Amino acid sequence: MAPIASVIAGTGQKGLTDTVVWSVILLVAVSAFVVVIFILRRMLLNKSDRGNTGFTIDQIDRLRDENSLTEEEYRRARRAALGLNDPDRLEK
């Protein structure tokens, strides 16, 4: 295999062929890296979205039993704690 400097410069026995091969290898490696980063970012964002209310279901139930929450607040807090909120969908 030719030294990197001759590959970059496009000189040597197989200059153009080596340059194309290394360019394709680099493109595939960068593309794979971007895909992996995208997948990891998506997984981390999805994981952090679940149950970010800070309350457990038991605490929410207790607040309702103590009349600290209205029925509507209770319903919304429970859905949020379970991770069932969908901001793009209108609640019925």
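**Salt bridges and surface of a four-helix chain**

Trainee: In which helix do arginine 75 and glutamate 72 both lie?
Mentor: The model is predicted. Arginine 75 and glutamate 72 are 3 residues apart, about one turn of the helix. Their side chains meet in a salt bridge, with N to O at 2.9 Å. The helix that holds both is α4.

Trainee: Are arginine 75 and glutamate 72 buried, partly exposed or exposed?
Mentor: The partly exposed class runs between 20% and 50% relative accessible area. Arginine 75 has 30%, and glutamate 72 has 35%. Because these values fall between the two cut-offs, both residues count as partly exposed.

Trainee: Which residues do salt bridges that share partners join into one network?
Mentor: Side chains of opposite charge can pair when their charged atoms come close. One such pair here is arginine 64 with glutamate 71, at 3.9 Å from N to O. Arginine 64 is partly exposed at 28% relative accessible area, while glutamate 71 counts as exposed at 52%. The network consists of Arg64, Asp65 and Glu71.

Trainee: Over the face of which residue does arginine 64 lie?
Mentor: Arginine 64 also has a salt bridge to glutamate 71. Its distance from the ring centre in question is 4.0 Å, and the ring is that of tyrosine 74.

Trainee: How many residues apart in sequence are the parts that aspartate 61 and arginine 78 tie together?
Mentor: The side chains of aspartate 61 and arginine 78 form a salt bridge of 3.3 Å, N to O. Aspartate 61 belongs to helix α3 (residues 57-65) and arginine 78 to helix α4 (residues 71-81), so the pair links parts whose separation in sequence is 17 residues.

Trainee: How many salt bridges does the structure hold?
Mentor: Among them are aspartate 61 with arginine 78, arginine 64 with glutamate 71, and arginine 75 with glutamate 72. The count for the structure is 5.

Trainee: What accessible area does the nonpolar patch on the surface have together?
Mentor: The patch includes Leu26, Phe33, Ile37 and Met43. Methionine 43 is in helix α2 (residues 15-49), and it counts as exposed because its relative accessibility of 51% is over the 50% cut-off. Together the patch residues have about 1000 Å².

Trainee: What share of the 92 residues of the protein chain count as buried?
Mentor: The chain has 4 helices and 0 strands. Its accessible surface comes to about 7900 Å², 62% of it belonging to carbon and sulfur atoms. With burial meaning under 20% relative accessible area, the buried share is 9%.

Methods:
Residues are numbered from 1 along each chain as its sequence is written. This is a predicted model: local features need pLDDT of at least 70, side-chain atom pairs count only at pLDDT 80 or more; totals for chains, interfaces and linings use all residues. Side-chain values use heavy atoms; hydrogens and water are left out. Helices (H or I, at least four residues) and strands (E, at least two) are DSSP runs, numbered from the N terminus. Buried means under 20% relative accessible area, exposed over 50%, partly exposed in between (1.4 Å probe, protein chains only). Accessible areas come from the Shrake-Rupley method with a 1.4 Å probe; for residues, only the protein chains shown count as cover. A charge sits over a ring if NZ of Lys or CZ of Arg is within 6 Å of the ring centre and within 35 degrees of the ring normal. Patches are made of residues with over 30% relative accessible area and no salt bridge: like charges are joined within 9 Å, nonpolar side chains (Val, Leu, Ile, Met, Phe, Trp, Tyr) within 5 Å. A salt bridge is a side-chain nitrogen of Lys or Arg within 4 Å of a carboxyl oxygen of Asp or Glu.
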